[in-house]
Amino acid sequence: MIELTPILDKDSKTPLYIQLADFIRREILAGRIKPKEKLPSKRNLAQYLGLSLNTVQGAYDQICAEGYAESRPRSGLFVKNLDHDLFQDRVSYQEPVQHSTHVKEDVLIDFNSGKIDTEHFPYKAWRKLAVQSLYEDSGELFHMGHPQGEPELRRQIVKHIYASRGVRCSADQIVIGAGTQVLIGLLCLLIGREQAYAIEDPGFHRTRTVLEDLGVQVAPIPLEGDGINLKVLNHTHANAVYVTPSHQFPLGMVMPISLRMGLLKWAEEKGAYIIEDDYDGEYRYKGKPIPSLQGLDRNGNVIYLGTFSKALIPSIRISYLVLPLSLLNKYREHYSIYKQTVSRLHQDTLYHFMKEGLWQRHLNKMRTLYRKKQRVLLTAIQNNFGDNVRVIGEHSGLHIVLEVKSRMEETELMQKAMNAGVKVYPLSIYFNEPLERQAPKILLGFGALSEKEIEIGIMLLKEAWGL
């Protein structure tokens, strides 16, 4: 009999048969229950799990109704042969979030790379400025603002990115938008949906999804030791390339100056655009800062993309583009009709936050805090795992990649971690195609965790993985 060992919560509001059906579905999609494999009989499974026959029957009826299994007369229940490529992203990334009621209660430590430390956010100062924005202009901010965003905020952004990243631009070149995906959609309109777009592989899956949903041709480019493979890029018909040079997502390498110059040369020769996503360039822990691609560009080929999500708070949804003059003219002629997507109240609050020096003070504090957290994480990994793992991408950012030297696959590592109360995240979803057999890699974000939680989480992973 297949050994099924679900964690069922009898106190949960979710019925036991649904919990059991959810577990069997996850096992099938993860490949731990193989196609055409026979499931245990209702009686045997009910006896093994200490459940009623009706509970097991209800679970089996559910997975049959959803098309994951089929009943064969006088033979039993068998798993159907599914196309797992269609389910890959759903299994490894979305699914743990969807089945929430009893799974979330078991999570003690969550290594989510998308979360930040909110405990040290200057709530009082932000609240004071938000109230000031609400009342100061007698309701002026209640009306629609400039389509590119508040001019005062754009001027503050210009000062910040020049001082910190070497970006050279004017406030007129900045377009503010509600997140990276919104701005990527705008860039597809500006550059052209008929063009081919190259992306890093592995790379940020949400950008890839936007491009695919807009129907543009996407050319995944593999990475070499220090960034995107220029030789492969040169053999494509891409007219734009999306890169994360200051902290490659998700592998974490920092693109060296030689490769940056090579990429700029490619763009100049092809008349192409480089979309430089500097999503967390504020956090660098080793080596000297390298100027942004936009700061090195002399031909108007680079579009700089920045955000306040990592350094401030994700929910504020304030990101921005720096457009080269050629695209700025096109934007004003054809796309300034689109209304601004970010609340004017939030923009005005952020403007005052930056103008009064609170932004730089907060950034300096968080940079020190995250550097210390990362040091704790790396020390805990070394002390608990030694040579059984390899750390990738530790020079900057709020996450690392952990290559685990084990015969277990990625899904098994995630499941064993979850059973121990630790939530870790797969690397595979960031690849355009399924990975060939290699050492599994797990993404560990540390921004939202305390130092103690980081240490406990790593110790629990060591015990869960038996390393």
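**Asking for the reasons behind each label**

Modeller: K36 lies in the loop between helix 1 (16-29) and helix 2 (42-49), and what I say about K36 and every other residue here rests on a predicted model.

Biologist: Why is K36 called exposed or buried?

Modeller: The relative accessibility of K36 is 59%, and since exposed means over 50%, K36 counts as exposed. The backbone of K36 also deserves a look, with a phi near 70 degrees, a positive value in a residue other than glycine.

Biologist: Which of the two words, buried or exposed, fits R74, and why?

Modeller: R74 has a relative accessibility of 87%, and because the limit for exposed is over 50%, R74 is exposed. R74 sits in the loop between strand 1 (69-72) and strand 2 (76-79), and its phi is positive, at about 60 degrees, although R74 is not a glycine.

Biologist: What makes strand 1 and strand 2 a pair?

Modeller: At least two bridges between the strands are needed for pairing, and strand 1 and strand 2 are joined over 4 bridges in the antiparallel sense, so the requirement is met. One of the partnerships sets A69 opposite V79 in strand 2, and the two strands form a hairpin with 3 residues between them, R74 being in the turn.

Biologist: How do you know that strand 6 and strand 7 pair?

Modeller: Strand 6 (residues 217-224) and strand 7 share 2 bridges in the antiparallel sense, and because the criterion asks for at least two, that is enough to call them paired. L223 stands opposite I228 in strand 7.

Biologist: Why are strand 4 and strand 7 said to stand at the edges?

Modeller: The 8 strands of this open sheet follow the order 4-11-10-9-8-5-6-7, with mixed pairing. Strand 4 (174-177) and strand 7 (227-228) each have a single partner strand, so one side of each is left without a neighbour in the sheet. Helix 7 (residues 180-191) lies across several of the strands, including strand 4, strand 5 and strand 10 (302-307), and runs at about 25 degrees to strand 11 (319-322).

Biologist: How do you know that the length of helix 14 agrees with what is expected?

Modeller: Helix 14 (residues 358-385) has 28 residues, which at 1.5 Å a residue should span 40 Å, and its end C-alpha atoms are 40 Å apart, so the two values agree. Just after helix 14, G386 takes a positive phi of about 60 degrees.

Biologist: Which residues touch the most other members of the largest nonpolar core?

Modeller: Of the 63 residues in that core, they are F111, L312, L461 and W465. Helix 14 supplies the largest share of this core, 11 residues. L461 is in contact with F111, F385, A417, V422, V424 and L444, leaving aside neighbours within four places in sequence. A second, separate core of 31 residues includes L233, L263, A272 and L443.

Biologist: Why is Y285 called buried or exposed?

Modeller: Y285 has a relative accessibility of 12%, and because buried means under 20%, Y285 counts as buried. Y285 is found in the loop between strand 9 (273-277) and helix 11 (293-296), and its contacts beyond four places in sequence include R367, Y370, R371, E394, H395 and F446.

Biologist: Which word, buried or exposed, applies to E150, and why?

Modeller: The relative accessible area of E150 is 7%, and as the limit for buried is under 20%, E150 is buried. E150 lies in the loop between helix 5 (123-136) and helix 6 (151-165) and, not counting residues up to four places away in sequence, touches L141, G145, I176, R344 and Q347.

Biologist: How many disulfides does the structure hold?

Modeller: The structure holds 0 disulfides, so no pair of cysteine sulfur atoms meets the limit of within 2.5 Å. Among the cysteines, C64 has a relative accessible area of 26%, which falls between 20% and 50% and therefore makes C64 partly exposed, whereas C169, at 16%, is buried because that value is under 20%.

Biologist: Where are cis peptide bonds found, for instance the one at P202?

Modeller: A cis peptide bond joins D201 and P202, with omega about 10 degrees, and P202 is placed in the loop between strand 5 (196-201) and helix 8 (205-213). A cis peptide bond also joins F249 and P250, with omega about 15 degrees, and P250 is found in the loop between strand 8 (240-243) and helix 10 (257-270).

Key. Residues are numbered from 1 along each chain as its sequence is written. This is a predicted model: local features need pLDDT of at least 70, side-chain atom pairs count only at pLDDT 80 or more; totals for chains, interfaces and linings use all residues. Side-chain values use heavy atoms; hydrogens and water are left out. Buried means under 20% relative accessible area, exposed over 50%, partly exposed in between (1.4 Å probe, protein chains only). Contact means heavy atoms within 4.5 Å. The expected span of a helix is 1.5 Å times one less than its number of residues. Axes are lines fitted to C-alpha atoms, for helices over the stretch in contact, and angles run from 0 to 180 degrees between N-to-C directions. A nonpolar core is a set of buried Ala, Val, Leu, Ile, Met, Phe, Trp, Tyr and Cys residues joined through side-chain atoms within 4.5 Å.
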